[in-house]
Amino acid sequence: MKRIALAALIAGTAILPLSAHAANVTADAGAKIVAPLQIANSTALYFGTIAPSLTSSDSVVVSPAGSKTCGSELTCLTDDHTAAQFKVSGEADFSYTIELPDSITISNGAGGSMTVDEFSGSKDGGKLSAGTDSFTVGGKLSVGANQATGEYTGTFTVAVNYQ
């Protein structure tokens, strides 16, 4: 009988649940917030004063470096052309990229319009040494045959993004 009681005691102990031991640990969480990117335009993209051909369309190109190429069908009358200039500010030593538009339309307010496209920058992006950097943008203006006279204006958007 002692054997049966001992066997029952051992069997009963074997099916009793073992007490679980939980382990806990803490972990750190954090984030670093950097200065938001900002961009400012200090000089407009300007193609100068142009006399169109009566019969042929052509184009004027202002490079990011500020040089101008006037198509053979046009007469570029002034040298006051400029590449657009931009200043970028943000977190020091971080890199950024630049996004330029595909094309825009500029108009004279009286129904005349022209296309500016082939935008190009002096760089594709940069590094914010000391928190600032700058770049320039040029483009191509398409002037129609017998283009309507007037002062043509428009806007374009340049975006910068942290890399």
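The largest pocket holds about 630 Å³ of space. Keep in mind that this is a predicted model. So who sits around that pocket? Of the 31 residues in its lining, the closest to the centre are Tyr46, Gly48, Ile106, Met114 and Tyr152. Several strands chip in with two or more lining residues each: S1 (38-43), S6 (84-89), S8 (103-107), S9 (113-121) and S11 (132-143). Which of them gives the most? That would be S9, with three residues. As for chemistry, the lining breaks down into 19 nonpolar residues, eleven polar ones and one charged one.

Now step back to the whole chain. Its secondary structure amounts to one helix and twelve strands, and the helix comes before the strands in the sequence, giving α-β-β-β-β-β-β-β-β-β-β-β-β. There are 163 residues in the chain, and 28% of them count as buried. The surface on show is about 10,700 Å², with carbon and sulfur atoms supplying 54% of that. Take the contacts in the chain with a separation of 6 or more: 72% of these involve residues 24 or more positions apart.

Strand S11, one of the pocket-lining strands, is also home to Gly138. Is Gly138 buried or exposed? Gly138 is buried, because its relative accessible area is 0%, and the cut-off for buried is under 20%. Skipping its neighbours within four places in sequence, you'll find Gly138 in contact with Leu45, Val62, Ser63, Pro64, Glu118, Phe119 and Ser120. Gly121 is worth a look too: Gly138 and Gly121 are 17 residues apart in sequence, and their C-alpha atoms are 6.4 Å apart in space.

Finally, the cysteines. The structure has one disulfide, and it joins Cys70 to Cys76 with an S to S distance of 2.1 Å. Which hand does it have? The torsion about the S-S bond is about 90 degrees, so this disulfide is right-handed. Here is how the two partners fare for accessibility:

| Residue | Relative accessibility | Class |
|---|---|---|
| Cys70 | 29% | partly exposed |
| Cys76 | 23% | partly exposed |

Why does neither cysteine count as buried? Buried means under 20% relative accessible area and exposed means over 50%, so Cys70 at 29% is partly exposed, and Cys76 at 23% is partly exposed as well. Gly138, with its 0%, lands in the buried class.

Methods
Residues are numbered from 1 along each chain as its sequence is written. This is a predicted model: local features need pLDDT of at least 70, side-chain atom pairs count only at pLDDT 80 or more; totals for chains, interfaces and linings use all residues. Side-chain values use heavy atoms; hydrogens and water are left out. Helices (H or I, at least four residues) and strands (E, at least two) are DSSP runs, numbered from the N terminus. Buried means under 20% relative accessible area, exposed over 50%, partly exposed in between (1.4 Å probe, protein chains only). Contact means heavy atoms within 4.5 Å. Accessible areas come from the Shrake-Rupley method with a 1.4 Å probe; for residues, only the protein chains shown count as cover. On a 1 Å grid over the protein atoms alone, a cavity is a set of points where a 1.4 Å probe fits but cannot get out, and a pocket is an open set with protein on both sides within 12 Å along at least five of seven lines; lining residues have an atom within 4 Å of a point. Grid points are joined across faces, edges and corners, and a volume is the space filled by probe spheres set on the points. Ala, Val, Leu, Ile, Met, Phe, Trp, Tyr, Cys and Pro count as nonpolar, Asp, Glu, Lys and Arg as charged, and the others, Gly among them, as polar. A disulfide is a pair of cysteine sulfur atoms within 2.5 Å.
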